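Hi,

Here is the structure I promised to pass on. Have a look at it first, and then read my notes below.

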Amino acid sequence: MSIVGTRVVRQEDQNLITAGGTYVDDLREEALSGAAHAVFVRSPVAHARIESIDVSEAKAAPGVLGVFTAADLGLDPHAAGPVKEPWLAGEVVRYVGEPVALVLTEERYQLADAAELVDIDYDPLGAVASIDAALADETLLYPETGSNVMQVNGAQEFDDGIFADCDVVVTTTIVNQRVAPAPLEVRGASCAWGEDGRLTVWLSTQNAQIARTQLAMSLGVGEDKVRVIAPDVGGGFGAKIGADPEATVLGWAAKEIGRPVRWVESRSENLTSMTHGRAQQNTVTIGGKRDGTVLAYRLDVIQDAGAYPRTLFLPTLTELMAVGVYRFPKVETRSRAVVTNTTPIAAYRGAGRPEATAALERAMDRFAGELGLDPAEVRRVNFIRPEEFPYQTPTGASYDTGEYAAALDKALEAAGYAELRAEQKRRRDAGDPIELGLGIAAYVEITGGDSGGESGRVDVHPDGSVVAWTGSSPHGQGLGTSLAMLLSDQLGVPLDKITVRHGDTDEVPKAVGTFGSRSLQLGGSAIRQAADEVIAQARDLAADLLEAAPDDLELDAERGVWQVRGAPSSSVLNWAQVASAAEGKLTADVWFGGGKPTFPFGAHLAVVEVDTETGKVELRRIVAVDDAGPIVNPLTFRGQRHGGLGQGAAQALMEVVTYDEDGNPTTATLADYSFITAAELPDFELVDMATPTDRNLLGVKGIGEAATIGSTPAVHNAVVDALAGRGVKHLDMPTTPIRVWAALEEARKGNAR
């Protein structure tokens, strides 16, 4: 029986729940002996000229080893889209939390006192704290550009003629609010220069190799002079891709003072200075026939990029996935990215694709509501059909496989949709103050879309043990166990004799890493390819040992032995015997570059209850169909779905980063920024479905963000559906009790949107 597809407890968990993980702040490496401790002095204002910086008192404070500003670094600013971002602000600060100075001390407890002694004189400038303020161009973050708009993509002018044949046209604007990644482990880094002139950086990152390239370029040294090690990483969600600017400054400082440097940020620093996610305003127009057929769809995206436009690809991904699971004859998209005096935006939990789904699924509900049709039926009418795959979308995506109607039917059947609608009607007819809301979302996600390939290496040792090196970088997803399961199934080696290593650029020099749900389909395929090559080598060795032709030998993966084909009772060789005959060891080091993007999909149904007298929202059920192709480990798959569903529900109901009109963050602590706990979540009802792809060696699709992509609009649609019974037609996320109550009050006054 194959181990693949069975529930296997994650091997990583034994250490994590007993001794605990070893994160950057836990490191006690000899190379870090005598390390200085670091803190960044950050701007308390959103937009200002720096008139002067006086570090004299700070330098004289007890234990201070150095205080550095932009004038000390001598490093060229790095590119952030069409502008340059300084490593430390020297002339202008553009968001609260931007680093201005670095303080190093002997002991960690000395940091706060020393940092307070850095005297910075700011001359405030007008703050641009919203998308509307950015578009007004009254205050420019970068006067030399002439505008706060940093990028325009897609249609320059829209053609209203695409809606000419439509019986019904609906337009709505949707805010996909800014959220904080808030990983359990905040950012941290430790840096040490060796006597050989090499810099070693221990970094909480999703991809050590990308971080190495960034650090080498920014410090002006060759990649061979930088080693990056990612120890245990306590969550990333896209916000830990590569190396943040702070790591470059720390590497420079370690060389400047001639001793190692350690840094870990506070939780408030993390909430204000680590990149945020989402922050899009989407205006959608949808039109079609009265039978529910959509004839035209338009998506106009405005992306708040924050103070430095580091990742302008986010709105283009929203455009790419604009049509989702539907076959719309006419489509128009446009995106604009603007800068504001807020924390920079970067990849987070789906990176542009959830925004597309949220806009589209809200539009489908609004369209169905205008027609007086059931939202499930309107979706069925417009789904791309199975026989149409592979399907080329009008926005340029090439879908591999999909069974969209089947996924929705499974979700509705499991939920008892007809009975739920009947109960909803009963409550409305009775005037029950506790309204029932049902939300639907059908989604498709692009995974492995970077097409960058991945590395994999497999070694079989003379004792029969196996060590695999992967260029992917696990940080909580259970990838190590999944890769070990693939090898166990392929080679017939027990799990306890398989070790998976990752995250060290000296051990894995070439890699891409983990983001965009690429790890299993690309990293797993690389390991599969390397194992295939090891098997080919072993076949020749075993043939010599058994004095048989290589073509006559086969690997019995059930027992992990080599034998003559058709003669299982003949002499057999185990892996230890074959590996012992090799010169050194059996090994294969490969680059899997043949994978193409895959498109996992699914359908979610959320059930909420809304108290129309108080605005309180309770999420009662989430029924989820998530199709990621064949499943390696159902236990890990279930856990990943749980995490995605929880984060999606959190955005729909609770999470939001806010600023006042002067650009001051008003959600800088966990007392102000709410994210979800088990107390607010129901038991998830997970429905299985698996449609394989032919775009990688395993037939698998990514899953990481898919559950988030489906659950966010499903939960949001459910709340709006509940409020529809009281005259509220639209409400932006998050649908918190105070926002729900305010919308109900507006409806009671006859001002419902």
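To get you started: which residue in strand 28 is the bridge partner of Leu 438? The partner turns out to be Val 607. Keep in mind as you browse that this is a predicted model.

That pair belongs to a longer match-up. Strand 20 (residues 434-444) and strand 28 (residues 601-611) run antiparallel and are joined by 11 bridges. Strand 20 is also largely enclosed by the rest of the structure, because 10 of its 11 residues are buried.

Now for the part I spent most time on, an open sheet. Seven strands make up this sheet, in the order 3-7-1-14-11-12-13, and the pairing is mixed. Strand 3 (64-69) and strand 13 (226-229) sit at the edges, so to speak, each pairing on one side only. On average, and ignoring direction, neighbouring strands here are turned by 20 degrees against each other.

At the strand 3 end, five bridges link strand 3 to strand 7 (residues 99-105) in the antiparallel sense. If you want a spot to zoom in on, Thr 69 stands opposite Ala 101 of strand 7.

Two helices go with the sheet. Helix 6 (residues 208-219) packs on it and touches strand 11 (188-193), strand 12 (199-203) and strand 13, with its direction at about 145 degrees to that of strand 13. Helix 7 (residues 245-257) lies across several strands, including strand 1 (36-42), strand 3 and strand 14 (261-264), and runs at about 35 degrees to strand 11.

Happy browsing!

How values were computed
Residues are numbered from 1 along each chain as its sequence is written. This is a predicted model: local features need pLDDT of at least 70, side-chain atom pairs count only at pLDDT 80 or more; totals for chains, interfaces and linings use all residues. Side-chain values use heavy atoms; hydrogens and water are left out. Two strands pair if DSSP finds at least two bridges between them. Helices (H or I, at least four residues) and strands (E, at least two) are DSSP runs, numbered from the N terminus. Axes are lines fitted to C-alpha atoms, for helices over the stretch in contact, and angles run from 0 to 180 degrees between N-to-C directions. Contact means heavy atoms within 4.5 Å. Buried means under 20% relative accessible area, exposed over 50%, partly exposed in between (1.4 Å probe, protein chains only).
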